[in-house]
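Trainee: Could you take one part of this model and go through it closely, with the cut-offs behind each term?

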Amino acid sequence: QLQDVFNGTMISEELVTVVFKSLGVCILTELAGQVCKDAGENAIATKIELAGKVALLFLCMPLFLRLLQTAASLLQLQ
């Protein structure tokens, strides 16, 4: 159903995929971190949160590179 909603917009499918994958990474990281904190393992919880942030960075890298390419092409037009 969400795919049908986004098909009618000008948002690219790649962006929608990255957003939903990022949301999944955030939810899983938060859940794992909270479980570790509840178990009294704050150091492990901190490492899990860091791993989640790194995963988000790698997940968004293709979009960031495409943004840089678009900016570079716009700068060459002038």
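Mentor: What follows is a close look at helix 2 and its contacts.

This is a predicted model, in which local features need pLDDT of at least 70 and side-chain atom pairs count only at pLDDT 80 or more, while totals for chains, interfaces and linings use all residues. Residues are numbered from 1 along each chain as its sequence is written, and side-chain values use heavy atoms, with hydrogens and water left out.

Helix 2 covers residues 13-38, where a helix is a DSSP run of H or I with at least four residues, numbered from the N terminus. Its partner is helix 3, residues 42-77, and the two pack at an angle of about 175 degrees with their axes 8 Å apart; the axes are lines fitted to C-alpha atoms over the stretch in contact, and angles run from 0 to 180 degrees between N-to-C directions. Helix 2 is therefore roughly antiparallel to helix 3, a term that applies to angles over 145 degrees. The residues of this contact comprise 15 nonpolar, five polar and five charged ones, with Ala, Val, Leu, Ile, Met, Phe, Trp, Tyr, Cys and Pro counted as nonpolar, Asp, Glu, Lys and Arg as charged, and the others, Gly among them, as polar.

The search of the whole structure finds two salt bridges, each defined as a side-chain nitrogen of Lys or Arg within 4 Å of a carboxyl oxygen of Asp or Glu. In one, the side chains of Glu 14 and Arg 66 meet at 2.7 Å, N to O, and this pair links Glu 14 in helix 2 with Arg 66 in helix 3, 52 residues apart. Another joins Lys 37 and Glu 49 at 3.3 Å, N to O; Lys 37 lies in helix 2 and Glu 49 in helix 3, so this pair ties together parts that are twelve residues apart in sequence. Glu 14 counts as partly exposed at 35% relative accessibility, as does Lys 37 at 36%, where partly exposed lies between buried (under 20% relative accessible area) and exposed (over 50%), with a 1.4 Å probe and protein chains only.

Helix 2 also gives the most to a nonpolar surface patch, with three residues. The patch, of about 380 Å², is made by Leu 2, Phe 20, Leu 23 and Ile 27; such patches take residues with over 30% relative accessible area and no salt bridge, joining nonpolar side chains (Val, Leu, Ile, Met, Phe, Trp, Tyr) within 5 Å. Ile 27, which lies in helix 2, counts as exposed at 52% relative accessibility, whereas Val 25, found in helix 2, counts as partly exposed at 22%.

Methods:
Patches are made of residues with over 30% relative accessible area and no salt bridge: like charges are joined within 9 Å, nonpolar side chains (Val, Leu, Ile, Met, Phe, Trp, Tyr) within 5 Å. Accessible areas come from the Shrake-Rupley method with a 1.4 Å probe; for residues, only the protein chains shown count as cover. Angles under 35 degrees count as roughly parallel, over 145 as roughly antiparallel, 65 to 115 as roughly perpendicular and the rest as oblique.
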